[in-house]
Amino acid sequence: MPRRALLFAAVLLAASAAAVSGFHLAGDESGLVRGVLTAVRERAEAEAEDAARFAVAYHNRNQGAALEFTRVLKSKRQVVTGTLHDLILEAADAGKKSLYRAKVWVKPWEDFKSVVEFRLAGDSESEPEPSVASDEGSGQGVAKLSLEADIIHEEAHLHTIENDGLSSDFASSA
């Protein structure tokens, strides 16, 4: 497994270097680079979903809960000795969807996964429809995306207490 990951990383590094430096291969390298980047994004999304499912199962086992994983809303990866997945995920409990923050540490070469944190982050009501409040001073409607505001507030709080210099954002396209 590590050999395959090393080969994948070497190909990604070569493709990235070619794209950044303007190096041209014999042919249309833009398709190659797009293909490699798409593969990297899809792999990152699959790893994030796997980590989120693991975190929900871990929570269910340890708390006697019956959460059902729904989807990953946001995923950040930090390369440490392994990968630390910082996730905001949606899970349903008896049909009621809620948001959870989970941090999962993964070292695939050791077949190691550990849930570092799992906690409720908020309710996930009808997310696509923003609630509208009236601004009495001007009479204009002000759209409030409370879910998005909560996530932004939580991210701002985390940035003040964590060093995420090596992390990358990957948004799930669920």
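Residues with under 20% relative accessible area are classed as buried. In this predicted model, Glu 90 has a relative accessibility of 2% and therefore counts as buried. Glu 90 nevertheless takes part in a salt bridge with Arg 71, in which the closest N and O atoms are 3.1 Å apart. The pair connects distant parts of the chain, with Arg 71 in strand E1 (residues 68-80) and Glu 90 in strand E2, 19 residues apart. Arg 71 itself is partly exposed, at 23% relative accessibility.

A further acidic residue of strand E2 (residues 82-93) is Asp 86. Because its relative accessible area is 9%, Asp 86 is buried. The side chain of Asp 86 makes a polar contact of 2.7 Å with the side chain of Arg 101.

The salt bridges in the model number 10. Side chains of opposite charge can pair when their charged atoms come close. Within helix H2 (residues 29-63), Arg 53 and Glu 49 lie 4 residues apart and are therefore separated by about one helical turn. These two residues form a salt bridge whose closest N and O atoms are 3.0 Å apart. Arg 53 is partly exposed at 43% relative accessibility, and Glu 49 is partly exposed at 34%. A salt bridge with an N to O distance of 2.6 Å joins the side chains of Asp 50 and Lys 113. Asp 50 belongs to helix H2 and Lys 113 to strand E4, so this pair ties together parts that are 63 residues apart in sequence. Both positions are partly exposed, with relative accessibilities of 39% for Asp 50 and 33% for Lys 113. In addition, a network of salt bridges links Arg 43, Glu 47 and Arg 77.

Aromatic pairs number 2. Tyr 100 and Phe 118 are stacked, with 5.2 Å from centre to centre and 20 degrees between the planes. This pair links distant parts of the chain, since Tyr 100 is located in strand E3 (residues 96-107) and Phe 118 in strand E4 (residues 112-123), 18 residues apart. Tyr 100 and Phe 118 are both buried. Trp 105 and Phe 112 form an edge-to-face pair, with a centre-to-centre distance of 5.1 Å and 80 degrees between the planes. Trp 105 is partly exposed at 28% relative accessibility, as is Phe 112 at 26%. The ring of Phe 112 also has a charged neighbour: Lys 107 lies over its face, at 4.7 Å from the ring centre.

How values were computed: Residues are numbered from 1 along each chain as its sequence is written. This is a predicted model: local features need pLDDT of at least 70, side-chain atom pairs count only at pLDDT 80 or more; totals for chains, interfaces and linings use all residues. Side-chain values use heavy atoms; hydrogens and water are left out. Helices (H or I, at least four residues) and strands (E, at least two) are DSSP runs, numbered from the N terminus. Buried means under 20% relative accessible area, exposed over 50%, partly exposed in between (1.4 Å probe, protein chains only). A polar contact is a pair of N or O atoms within 3.5 Å; within protein, one must be able to donate a hydrogen and the other to accept it, and residues adjacent in sequence count only if both atoms are side-chain atoms. Rings of Phe, Tyr and Trp (its six-membered ring) pair if their centres lie within 6.5 Å; planes under 30 degrees apart count as stacked, over 60 as edge-to-face and the rest as tilted. A charge sits over a ring if NZ of Lys or CZ of Arg is within 6 Å of the ring centre and within 35 degrees of the ring normal. A salt bridge is a side-chain nitrogen of Lys or Arg within 4 Å of a carboxyl oxygen of Asp or Glu.
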